[in-house]
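Here are a few exercises to work through with the model open on your screen. Give each one a go before you read the solution.

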Amino acid sequence: MSDVDLFEAETAVLTRATQVVASGADEPEQYRQALEELVKSYGRLMRESRRLIARSDRTERELNQLNSKLQQLTDELDYKARHDNLTGALNRGAIFERAHHFLKTTSLSLVVLDIDFFKRINDEFGHPTGDAVIRELVNRLRHTLNGEGEVGRVGGEEFTILLPGVSLDAAVVIAEEIRLAIVQEAFPCLPSRPVTSSFGISWSDVGADFEDAYARADAALYKAKHGGRNRVERDA
Ligand SMILES: Nc1nc2c(ncn2[C@@H]2O[C@H](COP(=O)(O)OP(=O)(O)OP(=O)(O)O)[C@@H](O)[C@H]2O)c(=O)[nH]1
C-alpha cells in the first residue's frame, strides 16, 4: 500500500494559512497570499470532487447493468436446467420435483402419456418429423389443459401431467380430452396419418409416496398399450 497523501498540496496550503493567522502578521499581503492559495486549493478540490462523483456514478451504473445481466443469465440457466429444450415442458428432474412438492400438501392425479409406435414415425418420416410431432403434441397438451396442471417430458416420447387436487374420475375425463385433441385432427407435420397416444393414470392422497404413484400410473399405461393403445387406463 502506498502512503502517498492525496491532499499533500492542500495540507501545505492550509498549514501556511494557519501559521499566518496564528502569527498575527501585520502585513495584509501575507493574508492576501494565504487567501489566494486557499481559494486555488479549494477550487481544485471542488473540481476533483465533481470528477470523482461523476466517476463513481458511472461505476455504479455499470455495476447495476452487470448485476441485472448476471441476474438474467442466472434466470436463463435456471430455466434451462429445469426445462426440456425441444418442447419447453419441464424436464424429468423438474416434474418429479414438482410431484414430490405437491404430494406434501395435496392429493395428486398423475397422468403418464406415451406416443404410440413413435419409433415407426421416426423410421418412416425421419427424426426431424419425429421432433415436430413431439412439439405439436405438447402444444395440444397445453392447449387442452388451458393452464391447469403441469406438463413434463420424462423421456423421448413419454410425458407426465400433474393434476394436483384433481380426482381420479376428473383426471380420466381430462386425459380423454387430451387423447381426442391428439388423434382427432391430423398433425400439420404429419398429415398422412393420425398420431395416437396411450395414457395411464394414478391418484394419490396427500403424503403418498411419489415412486409408488408413478409406478401405478406406469402400470396403467402398460395396460393401455397392451389393450390396443390410443386409450386411457386408470390405476385399479
Ligand atoms: N424424433 C425423436 N425421437 C426420439 C426422441 N427421443 C427418443 N426418440 C425415439 O422414440 C422411439 C421410442 O420407441 P419405443 O420405445 O420403441 O416406443 P414406440 O415405438 O413408441 O412404441 P410403443 O410405445 O410401444 O407404442 C425410439 O425410436 C427413440 O429413438 C427425440 O427426442 N426425438
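The exercises below deal with a predicted model.

**Exercise 1.** Find out which parts of the chain surround the ligand.

*Solution.* Start with the residues: 16 of them surround the ligand, and the closest are Asp116, Phe118, Lys119, Gly130 and Gly156. Next, look at the elements they sit on. Strand 2 (108-115), helix 4 (118-125) and helix 5 (127-145) each give at least two residues to the shell. Helix 5 has the largest share, with four residues. Finally, sort the shell by character: five residues are nonpolar, four polar and seven charged.

**Exercise 2.** Work out how helix 4 and helix 5 are oriented to each other.

*Solution.* Take the angle and the distance: the two helices pack at about 135°, and their axes are 6 Å apart. Angles over 145 degrees would count as roughly antiparallel and 65 to 115 as roughly perpendicular, so helix 4 and helix 5 come out as oblique. Now list who touches whom. Helix 4 brings Phe118, Ile121, Asn122 and Phe125 to the contact, while helix 5 brings His127, Thr129, Gly130 and Val133. Sorted by character, this contact has four nonpolar residues, four polar ones and no charged ones.

**Exercise 3.** Check what the model shows over the stretch that UniProt lists as "coiled-coil region".

*Solution.* First get the range: an unreviewed UniProt entry gives residues 49-83. Then look at the chain there, which is 97% helix and 0% strand over residues 49-83. Last, go from end to end: the C-alpha atoms at the two ends of this stretch are 50 Å apart.

How values were computed
Residues are numbered from 1 along each chain as its sequence is written. This is a predicted model: local features need pLDDT of at least 70, side-chain atom pairs count only at pLDDT 80 or more; totals for chains, interfaces and linings use all residues. A residue is near a molecule or strand if its C-beta atom, placed from the backbone, lies within 6 Å of it. Ala, Val, Leu, Ile, Met, Phe, Trp, Tyr, Cys and Pro count as nonpolar, Asp, Glu, Lys and Arg as charged, and the others, Gly among them, as polar. UniProt positions are given in the numbering used here, feature names are shortened, and annotations may be inferred rather than shown by experiment. Axes are lines fitted to C-alpha atoms, for helices over the stretch in contact, and angles run from 0 to 180 degrees between N-to-C directions. Angles under 35 degrees count as roughly parallel, over 145 as roughly antiparallel, 65 to 115 as roughly perpendicular and the rest as oblique. Two residues are in contact if their C-beta atoms, placed from the backbone, lie within 7 Å.
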